[in-house]
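I opened my notebook to look at one sheet and the helices beside it. Here is what I looked up, step by step.

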Amino acid sequence: MTARTPAAGTTASGAPFQPASTPDYLPAAILRELQLSRLRSTVERAWSRVPLYRSRMKQAGLEPADLQNLDDIAALPFTTKADLRDTYPFGLFASPMEDIVRLHASSGTTGKPIVVAYTRQDVEVWTSVMVRSFATCGLHAGDIVQNAYGYGLFTGGLGAHYGAEGLGATVIPISGGNTDRQIMVMRDFGVTAICSTPSYFLHLVDRAAQLGVDLRALPLRAGVFGAEPWTGCMRKRIESLAGIQAFDIYGLSEVIGPGVAVECPAQDGLHIFEDHFYPEIVDPETGRVLPDGDEGELVLTTLSKQAMPMIRYRTRDITSLMPGACACGRSLRRMRRIGRRSDDMLFVRGVNVFPSQVEAALLEVEGTLPHYQIVLTSEQGLDQIEVQVEVTPEMFSDQIGVLERLNHRISGALEHVLGIRAKVTLVEPLTIKRSEGKARRVIDRRRLQP
Amino acid sequence: MKLHQLSVFSENKPGHVIAPCRVLAREGIDIRALSLADTERFGILRLIVSDWKRAKALLEQAGSVVKITEVLAVEVPDRPGGLAEVLEAFQGRAINIEYMYAFPFARGEKAVLIFRFDQPDAAIARLQQHGIQVLSSGALEEH
């Protein structure tokens, strides 16, 4: 098998070519062949080892042998987050515990968490896709990587740690939180790249400004940000304030963790590591597979996972597969960056509201990209929506009238975008809780009130 | 001539004004003058302090949003008509007072007025023409 790979030397981004990245350049025909053979063994494994998959396939009148080509995947039943909860903790494992070397769990917002498992080979695959992710972002041996993802049950910390070490970079396993220390370490250790959630990094940028530290004057040149949706405006703000290139990385614990897809320096969509994860876009209502370019829900199937194969997992993330080749030369298909999740949708007074719409309204009001939170309450049976906005130095004025006009401008922009009136409350900096580094955008108190 | 006033954003909730005051007290910074402008939902604490640069840095490190504004301080006799005499200087002039506050001064029978003008330099010229004393920063701030 001779894949067309860049000659030894450097990649388009100027970084040395990382041998682990060879599969990024497989010709499409070879990649599809590899996907089909891996898909068939994954389905066979799930069928023979996981009762839920076997019974679902039987109900649908299917056997593993029915899978003759890649398009046949559309006949297989979906797997949802509810299936992971219902089989808590180990019901979807396809390996005996003696073959499992690691467990992670996601913090469930309702009830039980979901538990995911890795064999030694799974950890190696995960490490390899993280190595490829960092290489795609132009990182290489010699980089000093500050890993500010939370270490622990959350997959972000250890996933990025193994990947950066595998790449040959120097890893600082600082984990999340303690922002003043993060800034000190960044400056004193000559950090060249950072991994964190984008909302946490924005917080770090604001804090550095307060402390009088100019991030643009530091060697920091790249940030690899993920674990939550973010916008193009947030990226621009991060890049200009910190003087870095900001890359979007995508992943989810149910599938492997971070390292499912990542942006290259073209920053035009995220390359999916298709040799390990098979992507489909489906209509969130009907489940019908949509053609490339159409927006819908991302569905992922793992192609090499042993301990916990995932067949057609409904990610709830809304995106599209991008037709055409990328300027960087990778043959891996790209998906658009995730702007919203289908389960982010809120119903307020019968109207659909997405947190991303609130963010768009805040961005529209000149000079504000603040930390915010949506609080839903119920007064006399009527839903009330309040948007709390942390005051930033750029927004603040010593004059009451200026702040009131700002408040009115935000209210107006929200009403324009949402179609309903929202109360806007300016709050003091750092008063909106940040949990686990991920921004908690919505507090729904409606159900707590009779 | 111009003084540096610190403005601090505060939510209109019990206990929110005391936090910045505590920070300054702990660091031995003296509050020379103060006013609290408030609306139903939020307030702005305006302060003239003994060391505005250090105060700004300390408050920001404590997480507050702080803005520095140049204001003028004018000394007037603490008697009926004292304020009116100062305001006369601006009659018929296109100089606006954005806001003002007053406090009695410990040095005898004088009061000090703090003004935020939209055109501070024009305001200084006007006051001087009327023979009204604009306090130098040394009178209220230390350096």
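Before starting, I noted the rule for pairing: two strands pair if DSSP finds at least two bridges between them. I also kept in mind that this is a predicted model.

Entry one, the middle pair. I looked up strand 18 (residues 372-379) of chain A and found eight bridges to strand 19 of chain A, with the two paired in the antiparallel sense. For a landmark in this pair, I picked A:Leu376, which has A:Ile385 of strand 19 opposite.

Entry two, the parallel pair. Strand 19 (residues 382-390) of chain A runs parallel to strand 20 (residues 423-427) of chain A, and I found five bridges joining them. Here A:Glu386 faces A:Lys423 of strand 20 across the pair. I then followed the chain from strand 19 to strand 20 of chain A: the path goes through helix 10 (residues 400-418), and this β-α-β crossover is right-handed.

Entry three, the whole sheet. In which order do the four strands of the open sheet stand? I read 20-19-18-23 in chain A, with mixed pairing. Strand 20 and strand 23 (442-444) of chain A are the edges; each has a single partner strand, so one side of each lacks a neighbour in the sheet. On average, neighbouring strands are turned by 25 degrees against each other, direction ignored.

Entry four, the helices. Helix 9 (residues 355-364) of chain A packs on the sheet and touches strands 18, 19 and 23. I noted about 120 degrees between the directions of helix 9 and strand 18 of chain A. Helix 10 of chain A also packs on the sheet, touching strands 19 and 20, and its direction makes about 140 degrees with that of strand 20.

Definitions and conventions. Residues are numbered from 1 along each chain as its sequence is written. Chains are lettered from A and ligands numbered from 1 in the order in which they are written. This is a predicted model: local features need pLDDT of at least 70, side-chain atom pairs count only at pLDDT 80 or more; totals for chains, interfaces and linings use all residues. A crossover is right-handed if, with the strands pointing away from the viewer, the path from the first strand over the helix to the second runs clockwise. Axes are lines fitted to C-alpha atoms, for helices over the stretch in contact, and angles run from 0 to 180 degrees between N-to-C directions. Two residues are in contact if their C-beta atoms, placed from the backbone, lie within 7 Å.
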